[in-house]
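Ready for some pocket hunting? Please open the structure and work through the exercises below at your own pace.

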Amino acid sequence: LLRSHGQNDLWQLAAALARRGIKPAVLESLFATLEAGTARAALVRIAASVEVANLLNEIESSTSRISDLVRAIKEYTYMDQGPVQNVDIVKSLETTLTILNHKLKHGVAVQRDYQRVPFLVNSFGSELNQVWTNLIDNAIDAMGGKGELRVRTYREDTCVVVEIGDNGPGISPEVKPHIFEPFFTTKGVGEGTGLGLDTVQRIVKKHRGNIQVNSKPGDTRFQVWLPLAEASA
Ligand SMILES: Nc1ncnc2c1ncn2[C@@H]1O[C@H](COP(=O)(O)OP(=O)(O)OP(=O)(O)O)[C@@H](O)[C@H]1O
Ligand SMILES: [Mg+2]
């Protein structure tokens with residue numbers, strides 16, 4: 001602020017301060033009660049402290065963003081844990097959403113509908129996160145980065161069901177039979193490898209689960225069933 005005004009245009013400086021929330025009345029009374037030289041010095045000091053306060057705010061919010069992300073990465077990879085854990089499904093979905101925030105924040109509204117579900121015992125937590133990542137990634141791609149992502153959890157008999165839905169154009173009947181095939185993709189070269197859903201299916205099978213898709217234009221849902229009682233494969 002100071003630099004951009006070269007410290008010499010008092011009124012511009014005052015206007016800039018006003019834009020940053022310093023009341024014009026305060027500045028006016030400053031000019032009224034102090035002689036010009038002192039007022040100038042006072043303004044310069046006010047400008048400097050406003051600048052510092054803004055910087056501090058920024059630093060605070062970016063460090064909390066960074067530490068949120070570091071925590072999410074640790075949780076996402078289950079860094080401090082063994083390969084097999086008892087997985088809190090809702091937490092694992094939230095961790096994945098945090099990791100994918102950079103893709104979501106430009107226009108994807110996330111609708112959450114979480115029924116509380118028991119921990120999934122003896123599961124491969126970081127692999128399950130890959131399942132959510134691939135399904136959410138596909139949903140974001142299908143919606144062209146803008147739309148509604150619906151994340152649900154509920155219990156059905158002895159299973160936890162996770163549903164990832166989007167309001168994109170849907171999967172056409174010609175494409176649908178092939179989506180789980182390795183290397184099948186409708187995306188351009190360099191955009192998709194076609195391995196996402198193949199990986200998803202492998203991991204779901206490893207957990208003795210099941211995956212299904214229902215799709216019509218504006219409403220595509222991938223549902224993953226994971227059995228509660230089964231131990232790891
Ligand atoms: N939510 C969805 N809406 C519409 N089409 C989808 C959706 N999810 C998957 N598909 C279709 O299934 C195809 C295969 O998906 P898959 O995740 O296996 O590969 P990919 O996304 O194309 O590439 P990769 O995941 O390897 O980057 C996609 O190319 C797309 O045509
Ligand atoms: Mg994919």
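Two exercises on the pockets of this predicted model follow, each with a worked solution.

**Exercise 1.** Find the volume of the largest pocket, then work out which elements and residues line the largest pocket.

*Solution.*
- Step 1: Start with the space itself; the largest pocket has a volume of about 620 Å³.
- Step 2: Turn to the walls, where 28 residues form the lining. Nearest the centre lie Asn 138, Ile 179, Thr 186, Lys 187 and Leu 197.
- Step 3: Look for elements that give two or more residues to this lining: helix 7 (125-142), strand 5 (159-166), helix 8 (196-206) and strand 7 (219-227). Helix 7 provides the largest share, with 7 residues.
- Step 4: Sort the lining by character, and you get 12 nonpolar, 11 polar and 5 charged residues.

**Exercise 2.** Now describe the second largest pocket: how much space lies in it, and which residues line it?

*Solution.*
- Step 1: The second largest pocket holds about 150 Å³ of space.
- Step 2: List its lining, which includes Glu 75, Tyr 78, Gln 81, Asn 86, Val 87, Asp 88, Lys 91, Ser 92, Thr 95, Phe 119 and Asn 129.
- Step 3: Match the lining to elements; strand 1 (85-87) and helix 5 (89-99) each supply at least two residues. The largest share, 3 residues, belongs to helix 5.
- Step 4: Sort by character once again: this lining has 3 nonpolar, 5 polar and 3 charged residues.

Definitions and conventions: Residues are numbered from 1 along each chain as its sequence is written. Chains are lettered from A and ligands numbered from 1 in the order in which they are written. This is a predicted model: local features need pLDDT of at least 70, side-chain atom pairs count only at pLDDT 80 or more; totals for chains, interfaces and linings use all residues. Side-chain values use heavy atoms; hydrogens and water are left out. On a 1 Å grid over the protein atoms alone, a cavity is a set of points where a 1.4 Å probe fits but cannot get out, and a pocket is an open set with protein on both sides within 12 Å along at least five of seven lines; lining residues have an atom within 4 Å of a point. Grid points are joined across faces, edges and corners, and a volume is the space filled by probe spheres set on the points. Helices (H or I, at least four residues) and strands (E, at least two) are DSSP runs, numbered from the N terminus. Ala, Val, Leu, Ile, Met, Phe, Trp, Tyr, Cys and Pro count as nonpolar, Asp, Glu, Lys and Arg as charged, and the others, Gly among them, as polar.
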